[in-house]
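Colleague: Please take me through one strand of this model at the level of single residues, including its side chains and its partners. I would like one connected account rather than a list.

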Amino acid sequence: MARCLLDVADLTEGDVIVQNNAESSVGQAIMQEAATRGLVVVNIARELPAFEELSAHYQSLNPTAITMTERTACGADFRSVFKGMPAPKLALDGCGGRLSAEIAKVLTPGGKMVSYRSTSRKPVCLTADALPSRNISPP
């Protein structure tokens, strides 16, 4: 499944992707597959008691991985994580809800967003201007 999700966008070595639900098996497989392609992965994970250990584990799966909590992703500092790197070409949404909108906001114009699951059991939430102003397209 990870390969299929990454094949949605035209990605080359050094490109950035952002994903939520990083703690899932799909999220971890995405990290591994992205590492083989030389992609930088920005992970958003739930704030679990062993978050620091999980973050170190993600780093072992993909040395370029950057990991943050959902709280950070929904905060004012989220965009600052992407300073000095290209905007993500691909957003992978495994949560739904508010996190969908947050990852859509950081996509490069013309980027792709795939929602493959809804662990929050809430609908994908995009602002009315997100699709036309960012030119975000479905796969």
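Modeller: Two strands are taken as a pair if DSSP finds at least two bridges between them, and the strand I have chosen, E4, meets that condition with E5, since four bridges join these two strands, which run parallel. Please keep in mind throughout that the model is predicted. Strand E4 covers residues 90-93, while its partner E5 covers residues 112-115, and within this pairing Leu90 stands opposite Lys112 of E5.

E4 also pairs with strand E1, residues 16-20, where three bridges link the two in the parallel sense. Here Leu90 appears again, for Ile17 is the residue that stands opposite Leu90. Leu90 of E4 therefore has both Ile17 and Lys112 of E5 opposite it, because strands E1 and E5 each pair with E4.

Turning to the side chains, Leu90 and Leu92 point one way from the strand, whereas Ala91 and Asp93 point the other way. This follows a general pattern, because in a regular strand the side chains alternate between the two faces of the sheet. Which way a residue of E4 points does not change its burial class, as Leu90, Ala91, Leu92 and Asp93 are all buried, in the sense of having under 20% relative accessible area.

As for the path of the chain, E4 and E5 form a right-handed β-α-β unit together with helix H5, residues 98-105.

Notes:
Residues numbered from 1 in each chain as written. Predicted model: local features only at pLDDT ≥ 70, side-chain atom pairs only at ≥ 80, totals over all residues. Heavy atoms only, no water. Buried < 20%, exposed > 50% of the residue type's maximum accessible area, 1.4 Å probe, protein only. Right-handed = clockwise from strand over helix to strand, strands pointing away.
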